[in-house]
Amino acid sequence: MWQQVYEEINDPNFVLICVAQDTGGEAAAGPIFDAANPTYIQVVDENHIISSAFNFVNVPSSVWIDEEGRIVRIDEGTYSKTHAIGEGEQAITFGNDVYTPALKDWVARGADSEFVQSAATVTGNIREHSFDQLKADAAFRLANLFRAHGQKEKTEVYWEMAKALNPDSINFIRQNLTLSEEGSAGETFMQVMGEYVAQGREYYRPLDIEQK
Amino acid sequence: MAEAFMAYPELRHPFKETPIHPVGSTTVLYQGRTITLAETRGGDNLLIKPEDLGRINGFELKPEGACYADMCVPLNDELLVTLKGEQWFDLTAFAELLEQPYVVDREAGVWSFAEIPAKRQNMMVDAMAPEFEVTDRKGKVIRMTDLKGKKALLVTWSSW
């Protein structure tokens with residue numbers, strides 16, 4: 001996981017920040033962080049501020065920022081390695097084994113790394129954030145305030161508004177489902193995902209690193 | 001074992017009803033901030049005390065206008081309103097001028113303002129990371145500007 005990658009890199013000029021997009025706050029994300037015994041910076045981001053800042057629509061997503069504050073890679077489904085859930089033929093695998101070596105190469109070689117992208121490539125890879133999508137973020141934050149203060153009906157109203165204003169946001173769809181009995185990976189989620197993909201939309205931008 | 005931090009213990013009971021602010025107050029949300037304003041005016045619009053502007057969105061009132069970093073928005077009668085001899089700043093007129101979306105729940109007295117697009121233009125032009133402000137699990141505020149001089153990888157994940 002990321003803690004292992006962070007220890008392997010072990011460079012004082014490299015900062016790893018893992019940010020949980022969790023309206024459920026510390027109660028939802030804290031124990032998972034703790035289980036990893038992390039030494040990197042851990043943030044529980046109830047309002048999905050980081051997703052808003054970088055126009056992410058899903059997790060895991062990531063951004064590489066260089067010493068001058070310039071983005072050199074952005075918005076990729078980010079895994080530290082290939083993960084498997086289950087065993088044998090039933091196993092579901094996700095992730096990849098090329099992202100971590102690319103990251104290490106960048107930390108070691110900086111701008112000379114072949115994995116550093118030009119400003120033009122990066123800006124091309126940043127998702128559009130229209131007026132309505134920005135407004136969706138505002139609606140989402142309003143919903144979260146009501147959630148924190150126990151007003152379930154208003155929470156639903158503004159989460160629905162956020163989803164309607166930014167239908168691309170998997171984050172909003174799944175965060176909202178955490179209020180339902182079936183949770184964020186149940187039948188509704190599978191159905192929504194099926195429709196999403198059928199419409200030709202990508203909920204991860206493809207990883208632009210050659211898979212060996 | 002890593003030390004366990006409990007930054008938001010109150011959120012273990014998310015559906016316990018608690019008041020958002022004292023009766024008569026107004027709450028403004030912007031980025032990660034939640035600002036309670038004791039005194040506001042306005043019907044359709046939200047008029048705030050000029051001195052509250054800075055703690056809401058970081059803009060400062062100067063002779064040349066409402067300023068943030070090297071950006072200044074000139075003031076006019078629509079932004080700076082005088083009511084019964086008192087000056088008020090029209091936060092909603094300011095938002096409209098800056099094409100900043102917002103969502104309001106009038107019943108609850110909560111105004112949620114989205115990002116100000118002009119603050120983020122550099123990201124789309126030359127890939128400069130936008131300013132952000134989050135608090136880590138130890139209670140330390142992390143800003144984009146704090147990361148300068150180091151390489152940073154930000155990864156989002158979730159428990160859901």
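**Exercise 1. Helix α2 of chain A**

Task: In this predicted model, determine which residues of helix α2 (residues 25–35) of chain A are buried, and establish what they pack against.

Solution: Begin with the burial classes along the helix, where the buried residues of α2(A) are A:G25, A:E26, A:A28, A:A29, A:G30 and A:F33. Next, follow these buried residues to their surroundings, where they pack against β1 and β2 (41–44) of chain A. Finally, look past the end of the helix, since α2(A) is followed by A:N37, a residue whose phi is positive, near 45 degrees.

**Exercise 2. A strand pairing across the two chains**

Task: Find which strand of chain B is joined to strand β1 (residues 14–20) of chain A, and state how many bridges join them.

Solution: The partner is strand β14 (residues 151–157) of chain B, and seven bridges join it to β1(A), the two strands running parallel. To fix the register, take A:V19, whose bridge partner in β14(B) is B:T156. As for the confidence of this region, β1(A) has the highest mean pLDDT among the elements of chain A, namely 95, whereas helix α8 (residues 170–177) of chain A has the lowest, 72. Chain A as a whole averages a pLDDT of 85, with 90% of the residues scoring at least 70. Where pLDDT is low, the predicted coordinates should not be read in detail.

**Exercise 3. The interface between chains A and B**

Task: Work out how many residues of each chain are in contact with the other, and which element of chain A supplies the largest share of its side.

Solution: Counting on both sides, 76 residues of chain A are in contact with 56 residues of chain B. The largest share of the side of chain A that touches chain B comes from helix α6 (residues 131–148) of chain A, with 11 residues. Sorted by class, the residues on that side of chain A divide into 41 nonpolar, 21 polar and 14 charged.

**Exercise 4. A:D137 in helix α6**

Task: Decide whether A:D137 is buried or exposed, and list its contacts beyond the residues up to four places away in sequence.

Solution: First place the residue, which lies in helix α6 of chain A. A:D137 counts as buried because it has 29 C-beta neighbours inside 10 Å, and the threshold for that class is 20 or more. Then, with residues up to four places away in sequence not counted, A:D137 touches A:S52, B:A114 and B:E115. As a check on distance, A:D137 and A:T39 are 98 residues apart in sequence and 30 Å apart in space, taken from C-alpha to C-alpha.

**Exercise 5. Domains and the largest nonpolar core**

Task: Describe how domain 1 (2–125) and domain 2 (131–198) of chain A are placed, and identify which members of the largest nonpolar core touch the most other members.

Solution: The C-alpha centres of the two domains of chain A lie 23 Å apart. Across their boundary, 11 residues of domain 1 of chain A are in contact with 11 residues of domain 2 of chain A, and the side belonging to domain 1 has two nonpolar, eight polar and one charged residues.

Turning to the core, of its 80 residues A:I17, A:V19, A:I71, A:A139, A:L142, A:A162 and B:F113 touch the most other members. Helix α6(A) gives the most to this core, with 10 residues, and the core draws at least three residues from each of the two domains of chain A. For one of these members, A:A139, the contacts outside four places in sequence are A:Y158, A:M161, A:A162, A:L165, B:V103 and B:S112.

**Exercise 6. Strands of chain B**

Task: Trace the hairpins that involve strand β6 (residues 65–68) of chain B, then give the order of the strands in the open sheet of chain B.

Solution: Strand β5 (residues 60–62) of chain B is joined to β6(B) by three bridges in an antiparallel arrangement, with B:C67 as the bridge partner of B:E60, and the hairpin between these strands passes through two residues. On the other pairing, three bridges join β6(B) to strand β7 (residues 71–73) of chain B, again antiparallel, and B:Y68 has B:M71 as its bridge partner. This hairpin has two residues between its strands, and B:A69 in the turn has a positive phi of about 50 degrees.

The open sheet has four strands in the order β3-β4-β9-β8 (chain B), with antiparallel pairing. Its edge strands are β3 (40–41) and β8 (80–83) of chain B, each of which pairs on one side only. At the β3 edge, β3(B) and strand β4 (residues 47–48) of chain B pair over two bridges, and B:R41 stands opposite B:L47 in β4(B).

Definitions and conventions:
Residues numbered from 1 in each chain as written. Chains lettered and ligands numbered in written order. Predicted model: local features only at pLDDT ≥ 70, side-chain atom pairs only at ≥ 80, totals over all residues. Pairing = 2+ DSSP bridges. Contact = placed C-beta atoms within 7 Å. Nonpolar A, V, L, I, M, F, W, Y, C, P; charged D, E, K, R; others polar. Buried ≥ 20, exposed ≤ 12 C-beta atoms within 10 Å, placed from the backbone. pLDDT = per-residue confidence, 0-100. Domains from an automatic or database assignment. Core = buried A, V, L, I, M, F, W, Y, C linked by C-beta atoms within 7 Å.
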